[in-house]
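Work through the exercises below with the sequence and the 3D view side by side. Try each task on your own before you read its solution.

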Amino acid sequence: MFGFIKKWRQDRIVKESWVSEDQWTQAFSRLPLLGRLTEDEKSRLRRLAILLLHQKSFSGAHDFVVTAEVALVIVLQACLPILNLDLRWYRGWTSIIVYPAGFAPQRTVMDQFGVAHQVKEALSGEAWQRGPVVLSWQATEHAGELDGSNLVIHEFAHKLDMLNGAADGFPPLHRKMHRSAWTAAFEPAFADFQSKTDGGVHTGIDAYAASSPAEFFAVLSEVFFERPQAIQAHYPKIYDNLRQFYRQDPLAGFAGAGFTGAGHGG
Ligand SMILES: [Zn+2]
């Protein structure tokens with residue numbers, strides 16, 4: 001009964017959405033990342049995007065105006081990872097803050113002698129535990145272009161990771177997945193990636209992934225959706241785990257769309 005009422009409410013939100021057909025077309029056309037989706041997947045993505053728009057509040061920082069196009073480009077990409085999961089994966093927080101460009105929040109950090117320092121670190125995005133997702137529009141504007149990096153997917157992957165505590169590269173797994181298989185895929189790959197990065201070996205995966213297991217998971221999630229070939233080539237066990245976790249197989253979609261191979265290797 002409860003499920004029925006929830007669906008009825010969601011249907012009403014979708015029906016009353018302010019987003020016009022033109023606005024959808026424009027937003028989709030900015031995102032080659034979504035090109036591999038079937039019509040059915042695109043329409044489910046639209047529905048999720050409307051519901052996410054309804055659930056979260058957008059605000060612009062430093063006088064940035066969050067236009068309909070900005071909001072749509074963000075929610076469409078944010079909903080891609082949960083296309084075959086559902087919106088409950090983004091529960092427990094409410095706001096998305098967009099800066100015009102990078103931002104440098106002032107932070108207090110303790111050094112090894114226990115002395116506090118004020119530091120300003122330049123960021124293009126961040127996700128707070130039970131708090132907002134913060135994005136720089138400058139860094140988001142060209143996400144979704146299949147170059148292997150995607151700030152929106154990165155920050156929202158942190159949100160999935162934070163569902164079971166602080167971000168550590170270990171999001172809550174589905175019932176038929178095994179924690180041991182996840183660890184067996186990610187731990188040696190993270191060590192391997194760190195040594196490859198130290199050795200200057202190019203993998204097509206952003207070196208930032210070497211900074212921590214949490215960043216490794218977030219960066220590999222970007223690559224999974226943008227350049228799945230790179231993960232399959234270097235870390236097939238991770239590809240398999242991410243395929244089970246996201247319940248999507250982007251490589252199959254790329255093969256179908258004639259994207260196999262050329263231009264995505266390395
Ligand atoms: Zn990160």
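The exercises that follow concern a predicted model, and each one is solved step by step.

**Exercise 1. Find where Lys-56 sits, decide whether it is buried or exposed, and name what its side chain reaches.**

Step 1. Begin with the chain itself: Lys-56 is placed in the loop between α3 (39-55) and β1 (57-60).

Step 2. Next, consider accessibility, where the cut-off for a buried residue is under 20% relative accessible area. Lys-56 has a value of 6%, so it counts as buried.

Step 3. Now look for parts of the chain that come together in space. Although Lys-56 and Ser-95 are 39 residues apart along the chain, their C-alpha atoms are separated by 5.3 Å. When neighbours within four places in sequence are left aside, Lys-56 is in contact with Tyr-90, Trp-93, Thr-94 and Ile-96.

Step 4. Finally, follow the side chain of Lys-56, which reaches the backbone oxygen of Tyr-90 at 2.6 Å, while a polar atom of that side chain lies 2.7 Å from the backbone oxygen of Trp-93.

**Exercise 2. Carry out a similar analysis for Trp-18: in which loop is it found, is it buried or exposed, and what does it contact?**

Step 1. Trp-18 is found in the loop between α1 (2-15) and α2 (21-29).

Step 2. The cut-off for an exposed residue is over 50%, and Trp-18, at 52% relative accessibility, therefore counts as exposed.

Step 3. Leaving aside neighbours within four places in sequence, Trp-18 is in contact with Gln-23, Leu-53 and Ala-68. The C-alpha atoms of Trp-18 and Ile-50, which are 32 residues apart along the chain, are separated by 9.0 Å.

**Exercise 3. Describe the two domains and the largest nonpolar core.**

Step 1. The domain assignment gives domain 1 (1-147) and domain 2 (168-266), and their C-alpha centres lie 22 Å apart.

Step 2. To see how the domains meet, note that 13 residues of domain 1 are in contact with 13 residues of domain 2.

Step 3. Turn to the largest nonpolar core, which has 73 residues, with Ile-238 and Leu-242 making the most contacts inside it. Helix α4 (residues 68-79) gives the most to this core, namely 9 residues, and the core draws at least three residues from each of the two domains.

Step 4. Take Ile-238 as an example: not counting residues up to four places away in sequence, Ile-238 touches Ala-185, Phe-186, Ala-189, Phe-216, Leu-220 and Ile-231.

**Exercise 4. State how much space lies in the largest pocket and what lines it.**

Step 1. The largest pocket holds about 490 Å³ of space.

Step 2. Its lining consists of 25 residues, and those nearest the centre of the pocket are Ser-124, Leu-151, His-154, Glu-155 and Tyr-208.

Step 3. Sorting the lining by element, we find that β5 (125-127), α6 (151-161) and α8 (213-226) each supply at least two residues, and that the largest share, 4 residues, comes from α6.

**Exercise 5. Explain what stands out in the phi angles of Leu-146 and Arg-247.**

Step 1. Recall the general pattern: most residues other than glycine have a negative phi.

Step 2. Leu-146 is not a glycine, yet its phi is positive, at about 65°; Arg-247 also has a positive phi, near 55°.

Step 3. Compare their surroundings. Leu-146 lies in the loop between α5 (137-140) and α6 and is buried, with a relative accessible area of 12%. Arg-247 is in the loop between α10 (236-246) and α11 (250-256) and, at 45% relative accessibility, counts as partly exposed.

Conventions
Residues are numbered from 1 along each chain as its sequence is written. This is a predicted model: local features need pLDDT of at least 70, side-chain atom pairs count only at pLDDT 80 or more; totals for chains, interfaces and linings use all residues. Side-chain values use heavy atoms; hydrogens and water are left out. Buried means under 20% relative accessible area, exposed over 50%, partly exposed in between (1.4 Å probe, protein chains only). Contact means heavy atoms within 4.5 Å. A polar contact is a pair of N or O atoms within 3.5 Å; within protein, one must be able to donate a hydrogen and the other to accept it, and residues adjacent in sequence count only if both atoms are side-chain atoms. A nonpolar core is a set of buried Ala, Val, Leu, Ile, Met, Phe, Trp, Tyr and Cys residues joined through side-chain atoms within 4.5 Å. Domain bounds come from an automatic or database domain assignment. On a 1 Å grid over the protein atoms alone, a cavity is a set of points where a 1.4 Å probe fits but cannot get out, and a pocket is an open set with protein on both sides within 12 Å along at least five of seven lines; lining residues have an atom within 4 Å of a point. Grid points are joined across faces, edges and corners, and a volume is the space filled by probe spheres set on the points.
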